[in-house]
Amino acid sequence: MKKVTLYILMVVGICFLIPIFFTVKFKFEQISSEAEVPELEVEKYSYSDFGTIKLLHASSNEIEEKPLDEYIAEVVSAEMPVDYELEALKAQSVSARTYTLYKIISGTPHGDADICDSANCCQAWISKEGRMDRWQDNKQEKWNKIVEAVNATVGEVVSHEGKLINAFFHANSGGMTENVNDVWGGRNLAYLNPVETVGEDAYPQYASEVSMSKDEFLSKLKSKYSDASVNFDDDNWMEIKEYTPGKRVKKVRFGNKEIARHRG
């Protein structure tokens, strides 16, 4: 019974939750990852072209112009807890700056804006005032820590062969990253390959467990695949057919329905 529950947990999480999240959050990224990015000197970005950015506020559809690194500080405050180590906040600053400039240079679907404040499309953002309102104590000290991380990395971005990378970032890779095409389809990127990420098991959300009845499971399956049928009396009602290089389930069969991780 424990084995069945574990299988259900692992596969349902992958087949239902992860694809939905990635499809929404990165629906524009598959396009931009295919785009030809112009050459750019990135050892130390000069800010001459994009010293300010035009930020689209999704809730109001208004565009606000902000200094680039002011925006980066607000992104970092939204994307990473301030009690993380300063070096982690610095790394987040570099990733967010790289991601922002890549989006601008590659072209965005936001009209006159360079990037939006929706985590479901671009990257998370909260204003300085909004973030400080949510902190309970030591507000200025916490904000100063974020500013220190951003200032310590001014102009720093990540490049590959002289071009900005598409700097996807995440909280937890589950111990191993993935090839791009095993997540979103399309072509792979040379700088994003499966690598082991040690120590992530200390992350509070490293693992989770979901239990459901057979009827609930079948109902969820049928909600996406109406012709699905499963004979739970058959010991082979579920079969993992293929794994990704990152050791995640890529293809699985439930009864008569074989499901792939993505439809790239």
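Is N138 buried, partly exposed or exposed? In this predicted model, N138 is partly exposed, its relative accessible area being 47%. N138 lies in the loop that joins helix 5 (128-134) to helix 6 (139-151), and its phi is positive, near 50 degrees, although the residue is not glycine.

Y47 also has a positive phi without being a glycine, here of about 70 degrees, and is placed in the loop between helix 2 (29-34) and strand 1 (52-57). Its relative accessibility is 18%, and because the limit for a buried residue is under 20%, Y47 counts as buried.

**The three-stranded sheet**

Strands 6, 7 and 8 make up an open sheet in the order 6-7-8, with antiparallel pairing. Strand 6 and strand 8 occupy the edges and have a single partner strand each, so that one side of each remains without a neighbour in the sheet. From one strand to the next, the twist averages 20 degrees. The two pairings are set out below, each with one pair of facing residues.

| Strands | Pairing | Bridges | Opposite residues |
|---|---|---|---|
| strand 6 and strand 7 | antiparallel | five bridges | E242 and K251 |
| strand 7 and strand 8 | antiparallel | four bridges | V252 and I259 |

Strand 7 (residues 249-254) and strand 8 form a hairpin in which two residues lie between the strands, and G255 in the turn has a positive phi of about 55 degrees.

In a regular strand, side chains alternate between the two faces of the sheet. Strand 8 (residues 257-260) shows such an alternation: K257 and I259 point to one face and are buried, whereas E258 and A260 point to the other face and are not buried. I259, one of the two buried residues of this strand, is the residue that stands opposite V252.

**Aromatic pairs**

The structure contains six aromatic pairs. In one of them, the ring centres of F217 and F232 are 6.4 Å apart and the planes meet at 70 degrees, so the pair is edge-to-face. This pair links distant parts of the chain, with F217 in helix 7 (residues 214-224) and F232, 15 residues away, in the loop between helix 7 and strand 6 (238-243). Both F217 and F232 are buried. Ring pairs also join these two residues with W237 and F254 into a cluster; F254 belongs to strand 7, which spans residues 249-254.

Terms used: Residues numbered from 1 in each chain as written. Predicted model: local features only at pLDDT ≥ 70, side-chain atom pairs only at ≥ 80, totals over all residues. Heavy atoms only, no water. Phe/Tyr/Trp six-rings, centres within 6.5 Å; stacked < 30°, edge-to-face > 60°. Buried < 20%, exposed > 50% of the residue type's maximum accessible area, 1.4 Å probe, protein only. Pairing = 2+ DSSP bridges. Axes fitted to C-alpha atoms, helices over the stretch in contact; angles between N-to-C directions.
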